[in-house]
Amino acid sequence: MTQLEPPSDLSVSDPSLVDSAFEILNYNQQLIQFADSKAGNLIVINSLFIAAAQSGVASGGLALKLLQIMLVLTAGGALLLCLGVIMSRAYLPRMPRKDCIFFGDIAQRRNMNHFVRDFTASSGQTHLEDSLRRTYVLALIASRKFSIYGWAQWLTAGAAFLWLTHSLLHLLVR
């Protein structure tokens, strides 16, 4: 894991710069939540495809059976990718120190007064650097999640095609 080094030429001459950095941090957090919710929707859709494939009648010939198997495998792959989106957090850069932004770092303080003291003792420069580091990490997380989600989306489209083909063949065979 890489440790994020503070930029040497960063200065806070305008307090609104810190506010802007926190707005960008919040935006990236919302992108992560958006990716997670989209993956959750695909989990439901692919679970329905798997349930529909398993409830299908075993009769109908080899073609229908192969379509059922392909549907379960495709929807199952998409489902696993979506779980990867939701659980994606590995291989992130380490922070140089505990900051006053991340809940894990805040909760490691002895008590609330210790956190308040650390936060108020920090300069705008420190808060800006901390928020920029956190924003970078969140951007890495969002990028990874949307990349995995893209693959899950394609597999879900494939599963939908297989499901429709299976349903159509099933009707024709009857």
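How many helices and how many strands are there in the chain?

**View 1. The whole chain, helix by helix.** This is a predicted model, and its chain has 5 helices and 0 strands. Walk along the sequence and you get α-α-α-α-α. Of the 174 residues in the chain, 33% are buried. For contacts between residues at least 6 apart in sequence, 86% link partners at least 24 apart.

**View 2. The surface.** Rolling over the outside of the chain gives an accessible surface of about 10800 Å². Carbon and sulfur atoms account for 65% of that.

**View 3. The largest nonpolar core.** Nine residues? Yes, here they are: Phe 49, Ile 50, Ala 53, Leu 67, Leu 71, Ala 75, Leu 79, Ala 159 and Leu 162 make up this 9-residue set. At least two of its residues come from each of α1 (15-55), α2 (62-87) and α5 (124-173). The top contributor is α2, which puts in 4 residues. As a rule of thumb, nonpolar side chains in soluble globular proteins tend to be buried together.

**View 4. Zooming in on Ala 159.** Which residues does Ala 159 touch once its neighbours within four places in sequence are left aside? The contacts are Asn 46, Phe 49, Leu 71, Thr 74 and Ala 75. Of these, Phe 49, Leu 71 and Ala 75 also sit in the largest nonpolar core, as does Ala 159 itself.

**View 5. A second core.** Separate from the one above, there is another core, this time with 8 residues. Among them are Leu 92, Met 95, Ile 141 and Ala 142.

Note on methods:
Residues are numbered from 1 along each chain as its sequence is written. This is a predicted model: local features need pLDDT of at least 70, side-chain atom pairs count only at pLDDT 80 or more; totals for chains, interfaces and linings use all residues. Side-chain values use heavy atoms; hydrogens and water are left out. Buried means under 20% relative accessible area, exposed over 50%, partly exposed in between (1.4 Å probe, protein chains only). Contact means heavy atoms within 4.5 Å. Accessible areas come from the Shrake-Rupley method with a 1.4 Å probe; for residues, only the protein chains shown count as cover. A nonpolar core is a set of buried Ala, Val, Leu, Ile, Met, Phe, Trp, Tyr and Cys residues joined through side-chain atoms within 4.5 Å.
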